Amino acid sequence: LVLSLKPRSELYTYFVTDPYSIDSIKRTERWSRFNEIVHLLFTIFCLVATVQFSRRGYIGGVLLMSLFGVLNLYLVLLQRFNRAKMYRVIALLQERKK
């Protein structure tokens, strides 16, 4: 959906290497921080909802919110992992420039 609504040149977070520059990678790194915060908030929301459903005895709700919480936690960790890779690429590109 996103790819059909916006031109590829404006989607820096989807195409890190287009253009392949330090500025583009830094922009993607900033967006990864934003995405991490959003998924972290969803993880906290899912944790709170899981506790509430558990107190009320809604097993289906507990399972569903637990699943969503684990998924969002995975996405938080994925953002952190990718950001570490981006730092390395930025450092290598800066060395190459020298």
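Is F34 buried, partly exposed or exposed, going by its relative accessibility? Here are my notes, with that one settled along the way.

1. Before anything else, keep in mind that this is a predicted model. The overall layout is quick to describe: the protein has 3 helices and 0 strands. Reading from the N terminus, the elements go α-α-α.

2. On to the opening question. F34 has a relative accessibility of 46%. Buried would need a value under 20% and exposed one over 50%, so F34 goes down as partly exposed.

3. F34 has a ring partner, W31. Both residues sit in helix α2, 3 residues apart, which is about one turn of the helix. W31 is partly exposed as well, because its relative accessibility is 42%.

4. How many aromatic pairs are there in total? The count is 2. For W31 and F34, the ring centres are 5.5 Å apart and the planes meet at 90°, so this pair is edge-to-face. Planes over 60 degrees apart get that label.

5. F53 and Y58 also make an aromatic pair, with 6.1 Å from centre to centre and 65° between the planes, and this one is edge-to-face too. F53 has a relative accessible area of 27%, so it counts as partly exposed. Y58 comes out at 46% relative accessibility and is therefore partly exposed.

6. Now take a look at E36, which belongs to helix α2, the run covering residues 22–56. Is E36 buried or exposed? E36 is buried, because its relative accessible area is just 7%, and the cut-off for buried is under 20%.

7. Which residues does E36 touch, once its neighbours within four places in sequence are set aside? The contacts are V76, Q79, R80 and R83. If you have the model open, click on E36 and pick out R80 and R83 among these partners.

8. Stepping back to the whole chain, the protein has 98 residues, and 24% of them count as buried. E36 is one of the buried residues.

9. As for contacts across the sequence, consider those with a separation of 6 or more: 56% of them join residues 24 or more positions apart. The E36 contacts with V76, Q79, R80 and R83 are handy ones to look at in the viewer.

10. Last, the surface. The protein exposes about 7500 Å², and carbon and sulfur atoms supply 65% of that area.

Terms used: Residues are numbered from 1 along each chain as its sequence is written. This is a predicted model: local features need pLDDT of at least 70, side-chain atom pairs count only at pLDDT 80 or more; totals for chains, interfaces and linings use all residues. Side-chain values use heavy atoms; hydrogens and water are left out. Helices (H or I, at least four residues) and strands (E, at least two) are DSSP runs, numbered from the N terminus. Buried means under 20% relative accessible area, exposed over 50%, partly exposed in between (1.4 Å probe, protein chains only). Contact means heavy atoms within 4.5 Å. Rings of Phe, Tyr and Trp (its six-membered ring) pair if their centres lie within 6.5 Å; planes under 30 degrees apart count as stacked, over 60 as edge-to-face and the rest as tilted. Accessible areas come from the Shrake-Rupley method with a 1.4 Å probe; for residues, only the protein chains shown count as cover.
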